[in-house]
Amino acid sequence: DLGRTCYRSVCPRCAPMWDVERAEVKTARLQSVAKYMSSTLGCPVYKHHVVISPPDDWFLACDDPLDRTFEVVKQILKLMNAEGIICYHGWTGADGDDRGEWPDRVFNDRNWEGDVRAELKPNPHFHCIVASPFIAGGEITRRVEDRTGWTIERVADDDTGRSLDDMYAVARALTYSISHTSIMVNPDGDNQAQIRTFGERWHGGKDTRQASVYDNVRRKAEYEVRKVAPTT
């Protein structure tokens, strides 16, 4: 008997279910948003995994630099007609690219200060799981980087060039991204995972209704997330 579950992001025992619950909800909503966008725009809408990183010298002299930076990321994605989820990651592997390493770092009873921290270096970046008709790449993103220092990388399959083909792929990307999202730990216990959702169809607005999530989509999302969660 495991007793009560708190579902807190910083609880070593409950954090995996905290991740799963959020991934289920967001996977279902992203699927619904993509379908609704396709019907309103009159064109196919795809799901994409995009990583956006500010310049190394990025600095904001304000009270809420992270919130302000989230707004910049949202504006970049808005230019691509994208809506979805943004997860802030403050760290990366000390040796560079570490995709695939995080399942061994989190939810495995490892100690942050004495163990995991030694493998990492500060590297602020944003994982964006979004719906959009088209995410620019190649020469366009190279020009953006040359002019602004911001890097935009669309994570895609090397063979097909596709990013998130189906709900299974969305579930994988979300459970992975949420698992090591940075958390603002407050003294009063009101901890805040640095995840934002955005978009007119995601939230609804003055001129656009919110995309509806139907029961069959919710059940499919739950199935896919729980299938991939043990490995992501």
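**View 1. Asn81, a partly exposed loop residue.** With a relative accessible area of 32%, Asn81 counts as partly exposed, where buried means under 20% relative accessible area, exposed over 50%, and partly exposed in between, computed with a 1.4 Å probe on protein chains only. The model is predicted, and local features need pLDDT of at least 70, side-chain atom pairs count only at pLDDT 80 or more, and totals for chains, interfaces and linings use all residues. Residues are numbered from 1 along each chain as its sequence is written, and side-chain values use heavy atoms, with hydrogens and water left out. Asn81 lies in the loop between helix H2 (65-79) and E2; helices (H or I, at least four residues) and strands (E, at least two) are DSSP runs, numbered from the N terminus. The phi of Asn81 is near 55 degrees, a positive value in a residue other than glycine. Most residues other than glycine have a negative phi.

**View 2. Ala156 in the loop between strand E4 (151-155) and H4.** At 29% relative accessibility, Ala156 is partly exposed. Leaving aside residues up to four places away in sequence, Ala156 touches Gly161, Arg162 and Ser163, contact being heavy atoms within 4.5 Å. Ala156 and His48 are 108 residues apart in sequence, while their C-alpha atoms are 8.1 Å apart in space.

**View 3. The packing of helix H1 (residues 15-41) against helix H4 (residues 167-179).** Two packed helices are described by the angle between their axes and the distance between the axes. Here H1 and H4 pack at an angle of about 140 degrees, with axes 9 Å apart, the axes being lines fitted to C-alpha atoms, for helices over the stretch in contact, and the angles running from 0 to 180 degrees between N-to-C directions. That angle makes H1 oblique to H4, since angles under 35 degrees count as roughly parallel, over 145 as roughly antiparallel, 65 to 115 as roughly perpendicular and the rest as oblique. The residues of H1 that meet H4 include Trp18, Arg22, Leu30 and Gln31, and among those on the H4 side are Met167, Val170, Leu174 and Ile178. The residues of this contact divide into 8 nonpolar, 4 polar and 3 charged, with Ala, Val, Leu, Ile, Met, Phe, Trp, Tyr, Cys and Pro taken as nonpolar, Asp, Glu, Lys and Arg as charged, and the others, Gly among them, as polar.

**View 4. The salt bridge between Glu83 and Arg201.** The structure holds 12 salt bridges, each defined as a side-chain nitrogen of Lys or Arg within 4 Å of a carboxyl oxygen of Asp or Glu. In the pair of Glu83 and Arg201, the closest N and O atoms are 2.8 Å apart. The pair links distant parts of the chain, with Glu83 in strand E2 (residues 83-93) and Arg201 in helix H5 (residues 200-203), 118 residues apart. Glu83 and Arg201 are both buried.

**View 5. Salt bridges within helix H6 (residues 215-228), beginning with Lys220 and Glu224.** Lys220 and Glu224 lie 4 residues apart, about one turn of the helix, and their closest N and O atoms are 2.7 Å apart. Lys220 is partly exposed at 39% relative accessibility, whereas Glu224 is buried at 4%. Arg226 and Glu222 also lie in H6, 4 residues apart, and their side chains meet in a salt bridge of 3.8 Å, N to O. Both are partly exposed, Arg226 with a relative accessible area of 42% and Glu222 with 37%. In addition, salt bridges that share partners join Arg105, Arg110, Asp115 and Glu119 into one network.
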